[in-house]
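Work through the following exercises with the sequence and the 3D view side by side. Each task is followed by a solution that goes step by step.

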Amino acid sequence: MAENDFKSFSQKKLPKEWEEEAARAMAAVEGKGEGDVLREIVARAEKAKREGTLSNAEIDAFVSEISPVLDAPKRRRLQKIAEKLKRL
């Protein structure tokens, strides 16, 4: 299996605080559509970036881990969001 496939990604262990934040974010968007979910994720990332708890290196790491499981339009969208976040 390729190293960047979904199975190998899903077996990686994220930092405990990322897991906790993901659980809170999932609860906040339960029952909402994809657009609402994306807005919630971006809002939380913007807040963390402004508070200094999310670095550009962490954004890049997230993008490189998630990109392989996305189709081309979603990868482009993720890249645009990441670039916007990194400028904050």
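**Exercise 1. Decide whether Glu-51 is buried, partly exposed or exposed, then examine its salt bridge with Lys-47.**

Glu-51 has a relative accessible area of 51% and is therefore exposed, where exposed means over 50%, buried means under 20% and partly exposed lies in between, computed with a 1.4 Å probe on protein chains only. Before going further, note that this is a predicted model, in which local features need pLDDT of at least 70 and side-chain atom pairs count only at pLDDT 80 or more, whereas totals for chains, interfaces and linings use all residues. Residues are numbered from 1 along each chain as its sequence is written, and side-chain values use heavy atoms, with hydrogens and water left out.

The next step is the partner. The side chains of Glu-51 and Lys-47 meet in a salt bridge, 3.2 Å from N to O, the term standing for a side-chain nitrogen of Lys or Arg within 4 Å of a carboxyl oxygen of Asp or Glu. Lys-47 also counts as exposed, at 52% relative accessibility. Because the two residues are four apart in helix α3, about one helical turn separates Glu-51 from Lys-47. Elsewhere, salt bridges that share partners join Asp-60, Glu-83 and Lys-86 into one network.

**Exercise 2. Find the parts of the chain that the salt bridge between Glu-46 and Lys-84 ties together.**

Begin with the distance: the closest N and O atoms of Glu-46 and Lys-84 are 3.1 Å apart. Glu-46 lies in helix α3 and Lys-84 in helix α5, so this pair ties together parts that are 38 residues apart in sequence. Then turn to the surroundings, where Glu-46 counts as buried at 15% relative accessibility, while Lys-84 is partly exposed with a relative accessible area of 42%.

A contrasting case is the salt bridge of Arg-39 with Asp-36, whose closest N and O atoms are 2.7 Å apart. Both residues lie in helix α3, three residues apart, or about one turn of the helix. Arg-39 is exposed at 54%, and Asp-36 is partly exposed at 35%. A search of the whole structure finds seven salt bridges.

**Exercise 3. Describe the elements of the protein chain and the extent of its burial.**

The protein chain has five helices and zero strands, helices being DSSP runs of H or I with at least four residues and strands runs of E with at least two, numbered from the N terminus. Read along the sequence, the pattern is α-α-α-α-α. Of the 88 residues, 20% count as buried.

**Exercise 4. Identify what lines the largest pocket.**

A pocket is an open set of points on a 1 Å grid over the protein atoms alone, where a 1.4 Å probe fits and protein lies on both sides within 12 Å along at least five of seven lines; lining residues have an atom within 4 Å of a point. The lining of the largest pocket consists of 41 residues, and Ala-22, Ala-25, Ile-41, Phe-62 and Ile-66 lie nearest its centre. Two or more lining residues come from each of α1 (6-10), α2 (16-28), α3 (34-51), α4 (56-66) and α5 (72-86). The largest share, 12 residues, is given by α3, the helix that also holds Glu-51 and Lys-47.
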